[in-house]
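Student: Please take a close look at one part of this structure for me. After that, set it in the context of the chain and its side-chain contacts.

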Amino acid sequence: MLNVQHTIYLGLGSNLGRKEENIRKAIALIGEQIGAVVRQSALYYSEPWGFESDSPFVNAVICVSTRLSPMRLLRATQRIERQLGKTHEHATERNTPLSILNPQSSIPNPQSSIYHDRPIDIDILLYDDRKIDLPELKIPHPLMQERDFVMVPLREILFTYADPEPSR
């Protein structure tokens, strides 16, 4: 099997500890363990989404060139999260029943407590143009279009660095 480079987009968020530093450390570890960081958005500040907390988030999106398969990428992002202090108590509860989601918008009910404060969160947003629908991994990220803290930085790096049209 060929060792092909893939273009991936990762969403980063932190609302515990030294948030900006957590994002910078995550980007450095991603560069070391996953692949070259090709583009990086500015840092964005947002209120918690899907749960209530007094700690606002710092968010960013990065574009990375990687040779990892989607499942190896998932394991690598989870390993980096653990290296930066994310524990079982910070994790999103993945097997959340649909009944606690708002059926109108798929936004989780804040009372459901499926999301928690965390020092770092790394979401796989896009992986080339692939669609993956597994219980533990969904690409494109199923809720990214409902999250301004993802879409604004994603648009920044998608459109700011888009290849110019060829000249004639």
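In which helix is Arg-79 found, and which residues does that helix span?

Tutor: The model is a predicted one. Arg-79 is found in helix H2, which covers residues 70-83. With a relative accessible area of 37%, Arg-79 is partly exposed, because that class lies between the 20% limit for buried and the 50% limit for exposed. Arg-79 is one of the residues of a positive surface patch, together with Arg-72, Arg-75 and Arg-82. Membership of a patch requires over 30% relative accessible area and no salt bridge, and the 37% of Arg-79 is the value to set against that first condition.

For context, the protein chain has three helices and seven strands. Along the sequence they follow the pattern β-α-β-β-β-α-β-β-β-α. The protein chain has 168 residues, of which 45% count as buried.

Charged side chains also occur in salt bridges, and the count comes to five. Arg-18, Glu-21 and Lys-25 are linked in a network of such bridges. On one side of this network, Glu-21 pairs with Arg-18, where the closest N and O atoms are 3.1 Å apart. On the other, Glu-21 meets the side chain of Lys-25 at 3.0 Å, N to O. Both Lys-25 and Glu-21 are in helix H1, residues 19-33, and since they are four residues apart there, about one helical turn separates them. The members of the network can also be described by their accessibility. Arg-18 counts as exposed, at 61% relative accessibility. Lys-25 is partly exposed, with a relative accessible area of 42%. Glu-21 counts as partly exposed as well, at 22% relative accessibility; the value is not under 20%, so the residue is not classed as buried.

Another salt bridge joins the side chains of Arg-118 and Asp-121, at 3.6 Å from N to O. The distance falls within the 4 Å cut-off, so the pair qualifies. Here both partners, Arg-118 and Asp-121, are buried.

Polar contacts complete the picture, starting with strand E1. This strand runs over residues 6-14 and includes His-6. His-6 is buried, because its relative accessible area of 16% is under 20%. The side chain of His-6 makes a polar contact of 3.4 Å with the side chain of Tyr-127. A polar contact of 2.6 Å joins the side chain of His-6 to that of Asp-128. The 3.4 Å contact counts because the cut-off for a pair of N or O atoms is 3.5 Å.

Strand E3 supplies a further case. It spans residues 44-46 and contains Ser-46. Ser-46 is buried too, with a relative accessible area of 15%. The side chains of Ser-46 and Asn-59 are joined by a polar contact of 2.7 Å.

To return to the part you asked about: Arg-79 belongs to helix H2, is partly exposed, and shares a positive surface patch with Arg-72, Arg-75 and Arg-82.

Terms used:
Residues numbered from 1 in each chain as written. Predicted model: local features only at pLDDT ≥ 70, side-chain atom pairs only at ≥ 80, totals over all residues. Heavy atoms only, no water. Patch = residues over 30% accessible without salt bridge, like charges linked within 9 Å, V, L, I, M, F, W, Y side chains within 5 Å. Areas by Shrake-Rupley, 256 points an atom, 1.4 Å probe, with all protein chains shown as cover. Lys, Arg positive; Asp, Glu negative; His and termini not counted. Charge placed at Lys NZ, Arg CZ, Asp CG, Glu CD. Helix = DSSP H or I, 4+ residues; strand = E, 2+ residues; numbered from the N terminus. Buried < 20%, exposed > 50% of the residue type's maximum accessible area, 1.4 Å probe, protein only. Polar contact = N/O pair within 3.5 Å; in protein donor to acceptor, adjacent residues only side chain to side chain.
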